[in-house]
Amino acid sequence: MPRLLRDWPTILMCVLIFVATGILIHEASSIPAGVFEPLGSAPIPIAVCAALAALSLWQLILSLIANRDDKAPKAPAHAPRRLDVFILLSLTVLYVYLIGQRVVPYAVLTTAMLFLCIATLSRFERSKLMPGIVLSVALGFGLQWVFTSLLYVDLPTW
Amino acid sequence: MSELLSAFAYVAHPLPFLLMLIGTFTGIVVGAMPGLTGAMLITLSLPLTYFMDPKNAVIMLVSMYVGSISGSLITATLLRIPGTPASIMTTFDGYPMAQQGRPGRALGLGIGASFFGGLVSWVALVTLSKPLSVIGARFGPWEIFALVMVALVLIASISKGSMVKGLIAGLLGVLLSMPGVDPAVGAPRLTFGFDRLNNGFQLLPVLIGVFAMSQVIRDVLDLDEKSEAITPSRAGIWLTLADWRKHCWNMLRSSIIGTWIGILPGVGASVGSIVAYTSAKNLSKTPEAFGTGSEEGIVASEAANNATIGGALIPLIALGIPGSVVDAILIAALLLHSIQPGPLLFINNSDIVYAIIATALVANVFMFLMMGFSAGLMSRLMYMSRLFLAPIVLVLSVLGTFAVNNVIFDVWVMLAFGLVGYLMDRAGMPLGAFVIGFVLAPLGEEKLRTGLMISGGSFAPLYERPMTLILLVVASLTLIWPLLSAWRNRSRQRTPR
């Protein structure tokens with residue numbers, strides 16, 4: 001990674017905040033001025049956005065300057081599991097989408113979701129799969145029972 | 001007094017008693033598991049409490065709070081990983097003492113000090129809450145606005161690392177609380193014409209996203225992280241009378257420091273334990289022993305971090321201002337039950353207030369007994385694999401968010417805030433500042449606009465009203481002081497010797 005981008009999370013956050021505040025200031029400036037009360041809806045969000053934009057710009061400069069230092073970041077003792085995070089988040093998006101569509105019962109969906117997550121994280125290690133299945137079934141059906149029968153939450157069921 | 005006794009009688013009923021036991025136990029277990037925090041447990045439990053009586057809900061949540069702060073000492077001592085940031089200082093002496101073959105003694109000192117700290121701060125909670133709420137009830141909109149400003153600035157300025165990042169996090173929380181229908185004029189703002197945003201971002205999806213989802217991402221990334229574990233033993237887990245006598249001054253001093261720091265809005269347990277640890281080291285006859293397994297170090301850190309619980313509950317009960325991140329979540333719990341936190345809580349919902357106070361004491365006793373008798377068992381639980389925990393937390397986060405309003409949009413919001421929370425955490429922007437900004441901003445804005453309506457659009461009351469002026473001066477000094485000290489330090493370093 002280029003030296004200037006070593007602190008990429010801070011840089012990314014600052015850029016995102018800077019862009020978002022610009023869009024929000026534009027949106028807030030179209031809000032009509034207050035009629036019955038002196039301040040109206042727009043000035044406070046605009047002031048907060050302006051302060052945030054200034055601070056994120058300042059932090060961005062600070063981070064870029066700090067990144068010029070020669071100090072190389074300490075290598076982590078283990079490789080971060082980025083691919084697993086990506087798979088987990090993709091599964092979650094699919095899981096939430098299917099809950100919203102109400103086509104598969106919650107218990108079945110949750111059992112499958114839990115098992116797939118555990119299997120992915122354990123890299124399909126055999127010794128982890130059996131407890132994973134037991135846990136997934138118990139939690140999937142247990143949660144459905146608790147939330148639908150005891151707490152009356154409207155979850156998709158058959 | 002009679003109300004407090006009634007509250008004690010109430011918590012002795014089977015259901016509240018059971019909820020307190022469950023709350024304290026789960027709090028300790030979660031506190032003992034690296035990667036899980038009390039804030040996360042309480043956030044994930046909020047949807048469940050939605051279906052409970054408000055009094056029972058706060059009883060369970062406060063018990064979890066007490067348990068989680070205490071439970072983290074187990075991992076701090078045996079794994080050198082603080083279960084929650086509150087026990088960072090405990091690792092410095094707890095782990096070396098455990099390495100020297102005295103893990104039971106290290107745990108015993110921590111448990112005893114935690115109990116003592118909890119008792120001292122409870123006394124402060126009982127004696128200070130009511131008088132402070134009487135003063136708070138006299139506050140007008142300008143004073144409350146100024147108080148919110150103090151809280152926001154204080155959170156940002158004490159943020160570990162960079163104050164600029166603390167301010168960014170706090171202001172981001174403020175900004176993200178603003179979309180939705182503006183209650184003052186009844187018109188939508190910052191919704192981009194998206195009807196779903198008319199109600200704004202709901203508190204629960206934001207909290208679950210920021211605390212639980214972001215933690216799942218971190219845990220999965222670091223799944224291969226190894227730790228140096230020590231086998232627990234129970235020898236020396238109960239302190240003798242001589243031990244209590246030997247450490248009583250340190251415990252008392254650290255507890256008072258912890259209580260005081262807990263009272264300051266947004267500061268929290270980790271700062272309390274750092275300050276108490278530093279004071280204990282400065283006043284110790286053997287400061288060189290600190291960091292190598294010093295008994296005084298463990299006592300100071302644990303007495304102070306538990307004392308912050310009672311201290312932090314004082315501004316919550318008396319003024320509706322969170323003393324810590326967990327208190328901000330407790331405010332969310334009250335709001336979920338349509339209970340307005342603030343100085344009038346003592347008048348409108350005194351049963352809730354006294355239930356909180358009674359729980360703070362009884363849960364502290366439960367914590368002491370549970371930790372004393374089952375520290376060995378608890379320490380085994382901390383080995384529960386994150387491989388199973390991360391998917392469970394993920395599924396519970398989705399279900400918990402969905403269950404409150406049965407709206408799938410809330411779940412998408414939760415996931416989005418999970419990513420935001422993870423990025424903020426990676427960037428070193430404190431999540432606590434973000435959440436407290438998110439919780440407090442609507443109150444601050446409402447009071448500012450009410451004040452302006454009363455004054456006919458004039459900002460003069462900000463400097464004409466003495467209490468408002470004092471609070472704003474405090475806020476300004478809090479903001480300027482760290483900048484000044486950093487500048488002074490830099491100029492000292494530049495000056496050649």
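This passage walks through a helix pair between two chains, the domains of chain A, and the surroundings of one proline in a predicted model.

Let's start where the two chains meet. Helix α1 of chain A, covering residues 8-28, packs against helix α17 of chain B, which covers residues 408-426. Their axes sit 8 Å apart and make an angle of about 125°. Because of that angle, α1(A) counts as oblique to α17(B). As for handedness, α1(A) and α17(B) cross in a left-handed way. On the α1(A) side, the residues involved are P9(A), L12(A) and M13(A), and they meet L423(B), M424(B) and R426(B) from α17(B). Sorted by class, this contact has five nonpolar residues and one charged residue, with no polar ones.

Next up is how chain A is divided. Its domain assignment lists domain 1 as residues 3-67 and domain 2 as residues 82-150. Taken over C-alpha atoms, the centres of domain 1 and domain 2 of chain A are 38 Å apart.

Finally, there is P156(A), which turns up in the segment after α5 (126-150) of chain A. P156(A) has 18 C-beta neighbours inside 10 Å, so it counts as partly exposed; 20 or more would have made it buried. Along the sequence, P156(A) and P105(A) are 51 residues apart, yet in space their C-alpha atoms are 5.1 Å apart. Leaving aside residues up to four places away in sequence, P156(A) touches P105(A) along with I99(A), R102(A), V104(A) and Y106(A).

Definitions and conventions: Residues are numbered from 1 along each chain as its sequence is written. Chains are lettered from A and ligands numbered from 1 in the order in which they are written. This is a predicted model: local features need pLDDT of at least 70, side-chain atom pairs count only at pLDDT 80 or more; totals for chains, interfaces and linings use all residues. Axes are lines fitted to C-alpha atoms, for helices over the stretch in contact, and angles run from 0 to 180 degrees between N-to-C directions. Helices (H or I, at least four residues) and strands (E, at least two) are DSSP runs, numbered from the N terminus. Angles under 35 degrees count as roughly parallel, over 145 as roughly antiparallel, 65 to 115 as roughly perpendicular and the rest as oblique. A crossing is left-handed if the near helix is turned anticlockwise from the far one by less than a right angle, and right-handed if clockwise. Two residues are in contact if their C-beta atoms, placed from the backbone, lie within 7 Å. Ala, Val, Leu, Ile, Met, Phe, Trp, Tyr, Cys and Pro count as nonpolar, Asp, Glu, Lys and Arg as charged, and the others, Gly among them, as polar. Domain bounds come from an automatic or database domain assignment. A residue is buried if 20 or more other C-beta atoms lie within 10 Å of its own, exposed if 12 or fewer, and partly exposed in between; C-beta atoms are placed from the backbone.
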